[in-house]
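Work through the exercises below with the structure open beside you. Try each task before reading its solution.

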Amino acid sequence: MNREELIEEGLELEGISDFSELSGRFEEWKARVLQYSANDKALLEHCRMLLHAVDTPFEPKEVKMQGYRRCIERAVCFLQGSVGVKLDALETIIRNFGLYLQNMFSGTPEQKATLRKENFTSIKINNEYDLQYIMYAVIKALYPSARKEVYQDNGYKANRFDIMVEEIGAVVELKYTHTGEKEGRLFRELGEDAFFYQCQRLIIYVYDKQHIIHDVDNFVKALEREEGEAGKKVRVYVEQGIELI
């Protein structure tokens, strides 16, 4: 069950007036919410706290029902808000990925550190697989449920997602520009991804090492979409402003 379905079911539970039905369905819904949260320890513990309903044996049914409804309302509000925070966090990681590369691989460790600058300067990103390896490691730290190279059947042929964060319905597509690559071809490939990929949000990161994109602002503007326009929200980030490794 995904987040939207859990929210929809929670809202439906709030309208149940029969105590037996509400108590039974609350426990089933609670189990599904905790299962959804299982890959994120902090999220799981928070959901457990929100859904802790004290069932005192001698309380009137009306009081018990109010307790269930309060738990449901708190959990629904949290689910509605947490995805926005997590999506913002994912976009922040990708938007600032260049800063991570710059500080991690081009910086100089403190004098007392056992790490040496030469340990990092030998690392170079030369293709999309190199880029995916580093990006995935960074995203995985925040989203333990993230997976790479996930296949999806679009009804005609299989798409392969570079990185998928299923808990927030997001797919991250990575592109690395090569010498001799044409800007028009890159644009068409990204446009096809934006059209065919079945997800709630597609985040495209272009590591433009060769600076083949001549007008970044308009390139991004032409590809980005709101959810109502393409059935998904599409966000595009182009990195070419730092000393690329």
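The exercises below concern a predicted model.

**Exercise 1. Two helices in contact**

Task: Find how the axes of helix H5 and helix H7 are placed, and which residues make the contact.

Solution:
- Start with the geometry. Two packed helices are described by the distance between their axes and the angle between those axes.
- Take H5 as residues 97-105 and H7 as residues 128-142. Their axes come within 12 Å and cross at roughly 100°.
- Classify the angle. The range 65 to 115 degrees counts as roughly perpendicular, so H5 is roughly perpendicular to H7.
- List the contact. H5 supplies Phe97, Tyr100, Leu101 and Phe105. H7 supplies Leu131, Ile134, Met135 and Val138.
- Sort these by class. The contact of H5 with H7 has eight nonpolar residues, no polar ones and no charged ones.

**Exercise 2. The largest nonpolar core**

Task: State how many residues the largest nonpolar core has, which have the most contacts inside it, and which elements give two or more residues to it.

Solution:
- Count first. The largest nonpolar core has 30 residues.
- Pick out the residues with the most contacts inside this core: Leu90, Ile139, Tyr205 and Tyr207.
- Assign elements. Two or more residues each come from helix H4 (61-95), H5, H7, strand S2 (158-165), strand S3 (170-176) and strand S4 (201-207).
- Rank them. H7 gives the most, with six residues.
- Look beyond this core. Apart from it lies another core, of 22 residues, with Leu22, Trp29, Cys71 and Ile72 among them.

**Exercise 3. Two tyrosines of the core**

Task: Which residues do Tyr205 and Tyr207 touch, leaving aside neighbours up to four places away in sequence?

Solution:
- Begin with Tyr205. Its contacts are Ile94, Phe97, Gly98, Leu131, Met135, Glu173, Leu174, Lys175, Tyr237 and Glu239.
- Move to Tyr207, which is found in strand S4. Its contacts are Leu101, Ile125, Leu131, Lys175, Tyr176, Thr177, Glu239, Leu244 and Ile245.
- Check the accessibility of Tyr207. The relative accessible area is 0%, so Tyr207 is buried.
- Add one distance. Tyr176 and Tyr207 are 31 residues apart along the chain, and their C-alpha atoms are separated by 4.9 Å.

**Exercise 4. One face of a helix**

Task: Which residues of H9 and H3 are buried, and what arc do the buried residues of each helix cover?

Solution:
- Recall the helix repeat. An α-helix has 3.6 residues a turn, so residues three or four places apart point the same way.
- Take H9, residues 216-223. Phe219, Val220 and Leu223 are buried. Seen down the axis of H9, they fall within an arc of 95°, so they line one face of the helix.
- Turn H9 over. The face turned away from its buried side carries exposed Asp217 and Lys221.
- Find the partners. The buried residues of H9 pack against helix H8 (183-196) and strand S5 (233-239).
- Repeat for H3, residues 41-50. Leu43, Leu44, Cys47 and Leu50 are buried. Down the axis of H3 they fall within an arc of 130°, so they too line one face.
- On H3, the face turned away from the buried side carries exposed Lys41, Ala42 and Met49.

**Exercise 5. Buried or exposed?**

Task: Is Leu79 buried or exposed, and which residues does Leu79 touch?

Solution:
- Place the residue. Leu79 is in helix H4.
- Read the accessibility. Buried means under 20% relative accessible area. Leu79 has 1%, so this residue is buried.
- List the contacts. Not counting residues up to four places away in sequence, Leu79 touches Arg3, Leu6, Ile7, Trp29 and Tyr36.

**Exercise 6. Backbone angles**

Task: What is the phi of Glu149 and of His211, and where does each residue lie?

Solution:
- Set the background. Most residues other than glycine have a negative phi.
- Inspect Glu149. Its phi is near 55°, a positive value in a residue other than glycine. Glu149 lies in strand S1 (residues 147-153). Its relative accessibility is 33%, so Glu149 counts as partly exposed.
- Inspect His211. Its phi is positive, about 55°, although His211 is not a glycine. His211 is found in the loop between S4 and H9. At 42% relative accessibility, His211 counts as partly exposed.

Note on methods:
Residues are numbered from 1 along each chain as its sequence is written. This is a predicted model: local features need pLDDT of at least 70, side-chain atom pairs count only at pLDDT 80 or more; totals for chains, interfaces and linings use all residues. Side-chain values use heavy atoms; hydrogens and water are left out. Buried means under 20% relative accessible area, exposed over 50%, partly exposed in between (1.4 Å probe, protein chains only). Helices (H or I, at least four residues) and strands (E, at least two) are DSSP runs, numbered from the N terminus. The arc is that of the directions from the helix axis to the C-beta atoms. Contact means heavy atoms within 4.5 Å. Axes are lines fitted to C-alpha atoms, for helices over the stretch in contact, and angles run from 0 to 180 degrees between N-to-C directions. Angles under 35 degrees count as roughly parallel, over 145 as roughly antiparallel, 65 to 115 as roughly perpendicular and the rest as oblique. Ala, Val, Leu, Ile, Met, Phe, Trp, Tyr, Cys and Pro count as nonpolar, Asp, Glu, Lys and Arg as charged, and the others, Gly among them, as polar. A nonpolar core is a set of buried Ala, Val, Leu, Ile, Met, Phe, Trp, Tyr and Cys residues joined through side-chain atoms within 4.5 Å.
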